[in-house]
Structure formats: structure tokens, C-alpha cells
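Got your viewer open? Keep the selection tool handy and follow along, one stop at a time.

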Amino acid sequence: MTPAAVSAGTEQALCEATERLFTGQPTRTDGKLTKNNLWREAGVSRATTNRATSVLADWDNRVGQSPATLLAESDALRE
């Protein structure tokens, strides 16, 4: 059996940090959409973040979206 890359709690912290950064509501960083801010915002180490491959894949996908798409998603989350 292969152990999980990161714990469920860590994955949740990273997902919540992703949402805060993409909605412009950071609590621990300047809000720039960088992976350095992602792990800092989540309160986990860079090494731990690197093991969260599904979260990083989602991050890369979202960063690659057009600004208009991100704005629409952000507006929808605020409603």
C-alpha cells in the first residue's frame, strides 16, 4: 500500500489557500498568484506542497486560465 502524498488536513489547507489567493482574500501573503505564496498561505512547507500533486495540478490549471475566466469564477464565489 502506498501512503498518501499529503494528509487530508494538509490538502484541505492548500485548497483553502488556493481559494483565498484566487479570490483576492489572502491572510498571510501579498496575494500574488505564486506557488511560494500558496505554501505560505496554507501554512505548510514547500516540500509538503510539492508532494500535493493534485493540488498543484489544479493550481497550474487555474493559473493558465484567462483573467476573464478567473474574474467570472471569483464573482460567482462572492454571490
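## First stop: an aromatic pair

A search of the whole structure turns up one aromatic pair. Here, the rings of Phe, Tyr and Trp (its six-membered ring) pair if their centres lie within 6.5 Å, and planes under 30 degrees apart count as stacked, over 60 as edge-to-face and the rest as tilted. Select Phe22 and Trp59: they form the pair, edge-to-face, at 5.1 Å centre to centre with 70° between the planes. Phe22 sits in helix H1 and Trp59 in helix H4, so the pair ties together parts that are 37 residues apart in sequence.

Before you click on, some ground rules. This is a predicted model, where local features need pLDDT of at least 70 and side-chain atom pairs count only at pLDDT 80 or more, while totals for chains, interfaces and linings use all residues. Residues are numbered from 1 along each chain as its sequence is written, and side-chain values use heavy atoms, leaving out hydrogens and water.

Stay with the two rings a moment. Phe22 is buried, and so is Trp59; buried means under 20% relative accessible area, exposed over 50%, and partly exposed in between (1.4 Å probe, protein chains only). Now add Arg62, which lies over the face of Phe22, at 4.4 Å from the ring centre. For a charge to sit over a ring, NZ of Lys or CZ of Arg must be within 6 Å of the ring centre and within 35 degrees of the ring normal.

## Zoom out

Switch to a cartoon view. How many helices does the protein have? There are five helices and zero strands, following the pattern α-α-α-α-α along the sequence. Helices (H or I, at least four residues) and strands (E, at least two) are DSSP runs, numbered from the N terminus.

Colour by burial next: buried residues make up 30% of the 79 residues. The protein exposes about 5,000 Å², and carbon and sulfur atoms supply 53% of that. These areas come from the Shrake-Rupley method with a 1.4 Å probe, and for residues only the protein chains shown count as cover.

## Into the core

Select Leu14, Leu38, Ala42, Ala52 and Trp59. Of the 13 residues in the largest nonpolar core, these touch the most other members. H1 (8-22), H2 and H4 each supply at least two residues of this core, and the largest share, five residues, comes from H1. A nonpolar core is a set of buried Ala, Val, Leu, Ile, Met, Phe, Trp, Tyr and Cys residues joined through side-chain atoms within 4.5 Å.

Click on Leu38. Not counting residues up to four places away in sequence, Leu38 touches Leu14, Ala17, Thr18, Leu21, Thr49, Leu56 and Trp59. Contact means heavy atoms within 4.5 Å.

Hop over to Ala17, in helix H1. Is Ala17 buried or exposed? Ala17 is buried, with a relative accessible area of 0%. Leaving aside neighbours within four places in sequence, Ala17 is in contact with Leu38, Glu41 and Ala42.

## Two helices with a buried side

Select H2 (35-42). In H2, Asn37, Leu38, Glu41 and Ala42 are buried. They cover an arc of only 125° around the axis, which puts them on the same side of H2; the arc is that of the directions from the helix axis to the C-beta atoms. What covers the buried residues of H2 includes H1, H3 and H4.

Now try H4 (residues 53-63), where Val55, Leu56, Trp59 and Arg62 are buried. They also cover an arc of only 125° around the axis, which puts them on the same side of H4. An α-helix has 3.6 residues a turn, so residues three or four places apart point the same way.

## Last stop: from H2 to H3

Go to Gly43, just after H2, which takes a positive phi of about 75°. Then pick Val44, in the loop between H2 and helix H3 (46-51). Val44 is buried, with a relative accessible area of 18%. Leaving aside neighbours within four places in sequence, Val44 is in contact with Thr10, Leu14, Trp39 and Thr49. Val44 and Thr10 are 34 residues apart along the chain, yet their C-alpha atoms are separated by 7.5 Å.

Finish in H3. Thr48 is found there, buried at a relative accessible area of 15%, and is in contact with Val6 and Thr10, leaving aside neighbours within four places in sequence. Thr49 is in H3 as well and counts as buried at 3% relative accessibility.
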